[in-house]
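Got your viewer open? Load the model, switch to cartoon view, and keep the selection box handy for a short walk around.

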Amino acid sequence: FVRLLIKAGDYGYLVEGETEEAYIKAAAGLGLAVGYEDGSFRPDEPIICNDALVALVKLLGFSVMAEHKGGYAQGYYSTARSLGLTDGISTAADAPLTWSDAAIMFENTLNADLLGESYSGNEMNRVTDETLLTDRFSIYQTEAVLDANEYSDLMSAADNLKSGYVTADGVEYSAGSTKAAD
């Protein structure tokens with residue numbers, strides 16, 4: 001879970017090595033993981049759903065809001081729920097997290113709003129057009145009709161699009177490593 005947390009936040013540059021210990025140290029250094037009361041981490045123990053939600057809420061920048069709502073565990077759960085992080089999961093808040101629910105929570109987190117520097121009066125507001133995908137990875141989601149590749153063009157008789165490019169609703173995009181240009 002911690003490895004996914006670090007990669008979702010694009011903090012891989014902080015990890016020294018590929019061991020679980022290295023990822024735990026990076027997460028602890030960022031304040032995303034706090035471990036047990038004695039300061040230890042137990043990577044072989046199952047992660048509790050509430051603990052996962054705390055880390056994900058912190059990753060998105062909403063820890064102050066969660067603390068204001070009561071802190072661990074209810075404040076973080078309430079904040080996670082308002083951000084949509086719990087949508088589609090079936091694991092109880094105080095139960096060990098299943099891998100399928102962890103995957104759903106990560107998908108929800110990647111698409112959730114980040115807390116931004118938008119102020120109104122003395123209040124910091126949510127920025128609804130920035131997510132981890134857009135802010136950290138420059139990945140944007142849109143709906144469009146794929147209308148051309150190098151082989152055919154639905155909008156004109158000309159097939160002059162460069163190899164590896166497509167157009168969607170008339171806008172040209174690099175297909176990258178996808179199969180969109182095939």
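**Start at the sheet**

Select Tyr 165 and Ser 174: Tyr 165 stands opposite Ser 174, which sits in β5. Bear in mind as you go that this is a predicted model.

Now widen the selection to the strands themselves. Strand β4 covers residues 165-168 and pairs with β5 in the antiparallel sense, over 4 bridges. For another rung of that pairing, pick Thr 167, whose bridge partner in β5 is Glu 172.

Follow the chain round the turn next. β4 and β5 make a hairpin with 2 residues between them. Click on Asp 169 in that turn and check its phi, which is positive at about 50°.

Then go to the other partner of β4. β3 and β4 are also antiparallel, paired over 2 bridges. Select Leu 146 and you'll find it opposite Ala 168 of β4.

Zoom out a little and the whole sheet comes together: it is open, has 3 strands, and runs in the order β3-β4-β5 with antiparallel pairing. Which strands stand at the edges? They are β3 (146-148) and β5 (171-174); each has a single partner strand, so one side of each is left without a neighbour in the sheet. Turn the view to look across the strands: the twist averages 45° from one strand to the next.

**Just past the last strand**

Carry on to Ser 177, in the segment after β5. Is it buried or exposed? Ser 177 counts as exposed because its relative accessibility is 82%. Add Gly 164 to the selection and draw a C-alpha to C-alpha distance: the two are 8.8 Å apart in space and 13 residues apart in sequence.

**Into the core**

Leave the sheet and color the nonpolar side chains. The largest nonpolar core has 37 residues, and those touching the most other members are Phe 1, Ile 6, Leu 56, Leu 59, Leu 60, Leu 85 and Met 105. Show the helices α1 (2-8), α2, α3, α5 (74-83) and α6 (99-111), the elements that give two or more residues to this core. Linger on α3, which gives the most, with 9 residues.

**Last stop: the surface**

Switch on the surface and select Tyr 13, Leu 14 and Leu 30. Together they form a nonpolar patch with about 310 Å² of accessible area. Leu 30 is in the loop between α2 (20-29) and α3 (49-60). With a relative accessibility of 33%, Leu 30 counts as partly exposed.

Note on methods: Residues are numbered from 1 along each chain as its sequence is written. This is a predicted model: local features need pLDDT of at least 70, side-chain atom pairs count only at pLDDT 80 or more; totals for chains, interfaces and linings use all residues. Side-chain values use heavy atoms; hydrogens and water are left out. Two strands pair if DSSP finds at least two bridges between them. Axes are lines fitted to C-alpha atoms, for helices over the stretch in contact, and angles run from 0 to 180 degrees between N-to-C directions. Patches are made of residues with over 30% relative accessible area and no salt bridge: like charges are joined within 9 Å, nonpolar side chains (Val, Leu, Ile, Met, Phe, Trp, Tyr) within 5 Å. Accessible areas come from the Shrake-Rupley method with a 1.4 Å probe; for residues, only the protein chains shown count as cover. A salt bridge is a side-chain nitrogen of Lys or Arg within 4 Å of a carboxyl oxygen of Asp or Glu. Buried means under 20% relative accessible area, exposed over 50%, partly exposed in between (1.4 Å probe, protein chains only). A nonpolar core is a set of buried Ala, Val, Leu, Ile, Met, Phe, Trp, Tyr and Cys residues joined through side-chain atoms within 4.5 Å.
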